[in-house]
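Student: I should like to go through this structure by asking why each term is applied. May we take the terms one at a time?

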Amino acid sequence: MALTSTDTSRYDNTLAVIRTLRDQGPVARVDLGALNGISSATVTSISAELLQQGLINERPPEAHRPSGRGRPKTLVELNPQAACVVCIKLSINELQLVVGDFSGQVRHSEHHALPTLTLSADDLETLLKEKISAVCAHQLNGFQRLAGICLAVQGVVSSQSGSIIWSPALSFRNAPISARLAERFHCSVLLENDANCIASVLAAQPAYADCPNLVVIMLGYGIGMSVLINGVPYLGANGSAAEFGHSKYHPDGALCACGKRGCIEAYASDYALYRAAADHITLPSGGDSAHPSEQQMQALTQQALNGDPAMQRIYAEAGRALGYGIANILALFNPDLVLITGSGVRGFDAMQAAMHHAIDDALVAELRGTTRIESCAWDRDMTCMGGIAMALYATDAQALSESQASSVS
């Protein structure tokens with residue numbers, strides 16, 4: 001049966017209250033109304049239902065008030081135990097599992113080193129089911145239920161079909177995964193590109209609140225990108241939009257991990273920088289030359305910053321590749337901000353002069369416009385934090401619907 005406009009409005013208001021509490025933490029009812037443009041009576045009614053359903057808790061009244069007058073406010077907050085979500089980050093030779101509670105806080109994190117490129121599609125499905133089952137058995141005590149799963153993957157994915165189209169971490173392509181995990185764990189399963197997870201975290205930060213049209217470029221082993229238009233990720237026809245790293249810089253140029261030549265990633269990614277350096281300098285020992293470690297990349301970057309001519313040329317070429325790619329982004333999307341982050345941002349200082357020169361060379365000033373181009377330090381991996389937030393956002397409506405159905409029955 002279709003919802004009436006009144007039902008729909010109340011449903012939307014209830015979701016707004018839940019998400020405000022997740023973003024803001026404990027809030028007084030009167031402030032919830034002001035933050036969401038909802039009447040006090042409506043907030044009171046919604047909070048009463050959420051209390052009954054176990055989705056929020058009341059905190060004791062504030063003991064002190066700045067003015068020392070009036071009745072202390074009673075704060076409400078999300079019940080962290082109401083539900084939890086699991087985010088799995090799949091990258092080259094590594095699997096990370098993180099459990100987040102209903103308030104969005106990380107409760108558990110674990111890493112597993114494994115040879116991802118040796119896995120078949122069936123192997124990956126079996127592995128994910130084993131790891132998720134194990135983390136649920138040991139970490140979900142006290143939670144009312146597992147509300148959702150987010151699988152964040154390096155490479156090209158289709159969120160709509162739930163298929164991994166291509167990933168540098170895997171040797172196979174076009175593998176459906178979401179529906180099989182959803183069937184096994186009886187919850188919603190999101191399949192997301194890792195760059196979209198990172199962009200969701202950055203877009204929520206106050207520093208970027210005035211940038212609804214945001215492009216996030218992630219430098220690292222590969223090169224990823226997320227495009228937000230009016231705050232909404234642009235996914236394209238099958239979910240594989242914004243593959244910036246696989247747009248062309250030099251036709252018939254250097255070999256990319258995707259199998260084609262001349263991609264931006266083939267010049268500005270970690271593996272590309274390390275490969276180019278092998279022809280000029282003695283490389284740091286240890287690790288896999290095809291998948292250089294953070295220590296190896298730090299050593300190369302330091303040589304460029306210290307003035308080594310060969311490394312300066314390599315990083316300048318990477319900067320030019322980025323610059324010409326960003327010039328295309330500016331001409332096509334005219335974003336408010338291009339934000340460059342990821343572990344590869346360690347080398348941004350060695351790239352940025354050539355990058356800006358390439359942008360100026362490629363575009364007239366009118367197309368460059370007022371778009372800001374900035375870097376963001378990679379002092380923590382935001383992938384799983386973004387995956388938790390996206391999984392909770394997707395499951396809020398489900399949690400509310402199930403709680404309401406339970407209360408009616």
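Tutor: Let us begin with the term helix: helices are DSSP runs of H or I with at least four residues, numbered from the N terminus. The model before us is predicted. Asn196 is found in helix α6, and helix α6 comprises residues 194-203.

Student: Why is Asn196 called buried?

Tutor: Buried means under 20% relative accessible area. Asn196 has a relative accessible area of 10%, so the term applies.

Student: What makes a residue count as a contact of Asn196, and which residues are in contact with it beyond its neighbours within four places in sequence?

Tutor: The criterion is heavy atoms within 4.5 Å. With those neighbours left aside, Asn196 is in contact with Met225, Ser226, Leu235 and Met390. As for Thr42, its C-alpha atom is separated from that of Asn196 by 34 Å, and the two residues are 154 places apart along the chain.

Student: Where does helix α6 lie with respect to the strands?

Tutor: Helix α6 lies across β7 and β11, and runs at about 95° to β11. Those two strands belong to an open sheet of five strands with mixed pairing, in the order β6-β5-β4-β7-β11.

Student: What makes β6 and β11 the edges of that sheet?

Tutor: Each of them, β6 (106-113) and β11 (188-193), has a single partner strand, so one side of each is left without a neighbour in the sheet. Direction ignored, neighbouring strands of this sheet are turned by 15° against each other on average.

Student: How do you know that β7 and β11 are paired?

Tutor: Pairing requires at least two bridges found by DSSP. Strand β7 (residues 146-153) is joined to β11 by six bridges, and the two run parallel. Within this pair, Ile149 stands opposite Val189 in β11. Helix α4 (residues 121-139) also packs on the sheet, where it touches β4, β5, β6 and β7; the direction of α4 makes about 40° with that of β5.

Student: What joins β9 to β8 and to β10?

Tutor: Three bridges join β8 (residues 156-158) to β9 (residues 163-166) in an antiparallel arrangement, and Val157 has Ile164 as its bridge partner in β9. The hairpin of β8 and β9 has four residues between the strands, and Gly162 there takes a positive phi near 70°. Strand β9 is also joined to β10 (residues 175-176) by two bridges, again running antiparallel. The partner of Ser163 in β10 is Pro176.

Student: Why is the pair of Tyr249 and Tyr267 called edge-to-face?

Tutor: Ring centres must lie within 6.5 Å for a pair, and planes over 60 degrees apart count as edge-to-face. For Tyr249 and Tyr267 the values are 5.0 Å centre to centre and 80° between the planes, which fits the term edge-to-face. Tyr249 lies in the loop between β14 (232-233) and α7 (265-268), and Tyr267 in helix α7, so the pair ties together parts that are 18 residues apart in sequence. Both tyrosines, Tyr249 and Tyr267, are buried.

Student: Why is the pair of Tyr249 and Tyr324 called stacked or edge-to-face?

Tutor: Planes under 30 degrees apart count as stacked. The rings of Tyr249 and Tyr324 have their planes at 25° and their centres 6.3 Å apart, so this pair is stacked. It links distant parts of the chain, since Tyr324 is in helix α10 and Tyr249 in the loop between β14 and α7, 75 residues apart. Tyr249, Tyr267 and Tyr324 form one aromatic cluster.

Student: Is Tyr324 buried, exposed or partly exposed, and what makes it so?

Tutor: Partly exposed covers the range between 20% and 50%. The relative accessible area of Tyr324 is 31%, so Tyr324 is partly exposed.

Student: How is the packing of α8 with α10 described?

Tutor: The axes of α8 (residues 270-277) and α10 (residues 309-333) come within 10 Å and cross at roughly 145°. The crossing is right-handed. Leu273, Ala276 and Ala277 in α8 meet Met311, Ile314, Tyr315 and Ala318 in α10.

Student: What makes the residues of this contact nonpolar?

Tutor: Ala, Leu, Ile, Met and Tyr are among the types that count as nonpolar. The contact of α8 with α10 accordingly has seven nonpolar, no polar and no charged residues.

Definitions and conventions. Residues numbered from 1 in each chain as written. Predicted model: local features only at pLDDT ≥ 70, side-chain atom pairs only at ≥ 80, totals over all residues. Heavy atoms only, no water. Axes fitted to C-alpha atoms, helices over the stretch in contact; angles between N-to-C directions. Left-handed = near helix turned anticlockwise from the far one by under 90°. Phe/Tyr/Trp six-rings, centres within 6.5 Å; stacked < 30°, edge-to-face > 60°. Buried < 20%, exposed > 50% of the residue type's maximum accessible area, 1.4 Å probe, protein only.
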